[in-house]
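Hi,

Here is the structure I promised to send over. Have a look at it first, and then read on for my notes.

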2 protein chains.
Amino acid sequence: MSHEPENRTKQTLAEQVAEQILNDIVEKGLEIGAKIPNEFELAQEIGVGRGTIREAVKILVSREILTIRRGAGTFVSERQGLLDDPLGLSFLKDKTNLALDLLSVRLMLEPEIAALAAVNARPEQLKELEELKGKVEELIYRGEDHTHADILFHRQIAACSGNRVVEKLIPVINSSISLFVDLTNARLGQETIDTHREITDCIIRKDPEGARCAMYMHLTVNRRMLKSLEGN
Amino acid sequence: MSHEPENRTKQTLAEQVAEQILNDIVEKGLEIGAKIPNEFELAQEIGVGRGTIREAVKILVSREILTIRRGAGTFVSERQGLLDDPLGLSFLKDKTNLALDLLSVRLMLEPEIAALAAVNARPEQLKELEELKGKVEELIYRGEDHTHADILFHRQIAACSGNRVVEKLIPVINSSISLFVDLTNARLGQETIDTHREITDCIIRKDPEGARCAMYMHLTVNRRMLKSLEGN
């Protein structure tokens, strides 16, 4: 039984253009404070209307990647998009390699965190973990984007760990996951369902070794998928 | 031969008062946006002059812990001191336990990072690592505060790892170290010198297993020290 759905995130045109503007900034190596082309120039360069450019710029301003100075133009923000992306990874090149680096860090942390969660989780936290697991499954079965729910699932495991630094740190790391959604999203539906269940069950059964191994398996399968994309 | 120097960080009176105001905010559970007592009240409460209070408040404003609204008073900042303390640990209670939680996270990450550094470091990065190791030793021998140099040493190991997420993440974690300096600083001078040397030598010799073990040793000794303080 396979449930591999077709759920590439559906982006609006403005969102796609926002991504492209960001990629251009990174590719051209534009520094913080650098001025970007005006609406008219961007519309010509990218081949979309000025309304779409305006909307795309708004998205990048709300993500603190661009900043508008009235009468002066639009600039690369000093805040470096740290709102959505506290580690500032948006501005680094070579996203597949970056996604592999992120996965290496998650491999160092998350199996241990899952083991801690199996030891320290409180009953009401387990209830929420089960609910989040169900939410991810539901979205996968419906063929919808499950990235956000997936991040909340991993964040809840961090909360279950009882380590307060972990609780603060995992959201910082996991907010980076959404930067790489396009790389693996929707390819690992059934695997995600199976290993999320195994992780949750081990944490509920208070089996730290099992939780650690299940999390390793989950991240390792993701890593293999990423590696297989590397050549493309 | 022992070189355990007496190098508790020497804080000015205003810095001490700033710490006390921050502790009061945490102890009283003041929320973001809450108004704190005025200069006059704080001076009476803490028993220092208003000039010192003014200076202490300035320090907390520069750390984004407090914010002044002209004509309205002084408030707990929405930025939660995230400038110096990106994980927002300043606002959490029970600092010894928090320091242990931080050390658990470092134990998950830094041995693996040291191993990666032994594999991936470039020659010019090794040169800088040696220099930073020397700088920490010099400060310990002179009986001066080596916290900042110590943080730079660990950050350089992260840079040597060749993992770009690690490079971004370790400064976030290590900036928290300075929150706990008072707990262990100056107690582990000779141990720091010895294990920093061992870590550096292993990285230079391209011995990942040795670097991993030396880092474990370094963090484990720190953990034991913290545990011994727990009862006090």
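In chain B, Ile68 has its bridge partner in strand 2, and that partner is B:Thr74. The pairing behind this is antiparallel: strand 1 (residues 66–69) and strand 2 (residues 73–76) of chain B come together over four bridges. Three residues sit between these strands in the hairpin, and B:Gly71 takes a positive phi there, near 80°. Keep in mind while you click around that this is a predicted model.

Chain A has its own hairpin to look at. Strand 1 (residues 66–69) of chain A pairs with strand 2 (residues 73–76) of chain A, again in the antiparallel sense and over four bridges. Going through the partners, A:Leu66 bridges to A:Val76 in strand 2, while A:Ile68 stands opposite A:Thr74. Between the strands of this hairpin there are three residues, and A:Gly71 has a positive phi near 80°.

The side chains on these strands are worth a look too. What does A:Arg69 lie over? The face of A:Phe75, at 4.0 Å from the ring centre. Over in chain B, the charged end of B:Arg69 sits over the ring of B:Phe75, 3.9 Å from its centre. Ring against ring is another story: the count of aromatic pairs over all chains is zero.

Now for how the two chains go together. Chain A superposes on chain B by a rotation of 180° with 0.0 Å of shift along the axis, at an RMSD of 0.0 Å. The two copies are therefore related as by a two-fold rotation axis. If you want to find that axis on screen, start from A:Met108: in chain A, its C-alpha is the nearest to the axis, 3.0 Å from it.

The interface itself has 27 residues of chain A in contact with 27 residues of chain B. Of the interface residues of chain A, 100% are also interface residues in chain B, so the copies meet through the same surface. About 2,200 Å² is buried between chain A and chain B, and carbon and sulfur atoms give 71% of that. On the chain A side, A:Met108, A:Arg164 and A:Val165 lose the most area to chain B, together 32% of what that side buries. A:Met108 thus turns up in both lists, by the axis and in the buried area.

How many salt bridges are there between chain A and chain B? Zero. Over all chains, though, the count comes to 24 salt bridges. One to pull up is A:Glu39 with A:Arg54, whose side chains meet at 3.1 Å, N to O. A:Glu39 is in helix 2 (residues 39–46) of chain A and A:Arg54 in helix 3 (residues 50–62) of chain A, so this pair ties together parts that are 15 residues apart in sequence.

Cheers

Note on methods. Residues numbered from 1 in each chain as written. Chains lettered and ligands numbered in written order. Predicted model: local features only at pLDDT ≥ 70, side-chain atom pairs only at ≥ 80, totals over all residues. Heavy atoms only, no water. Least-squares fit on C-alpha atoms with pLDDT ≥ 70 in both. Contact = heavy atoms within 4.5 Å. Pairing = 2+ DSSP bridges. Helix = DSSP H or I, 4+ residues; strand = E, 2+ residues; numbered from the N terminus. Phe/Tyr/Trp six-rings, centres within 6.5 Å; stacked < 30°, edge-to-face > 60°. Lys NZ or Arg CZ within 6 Å of the ring centre and 35° of its normal. Buried area = accessible area lost by both parts, 1.4 Å probe. Salt bridge = Lys/Arg side-chain N within 4 Å of Asp/Glu carboxyl O.
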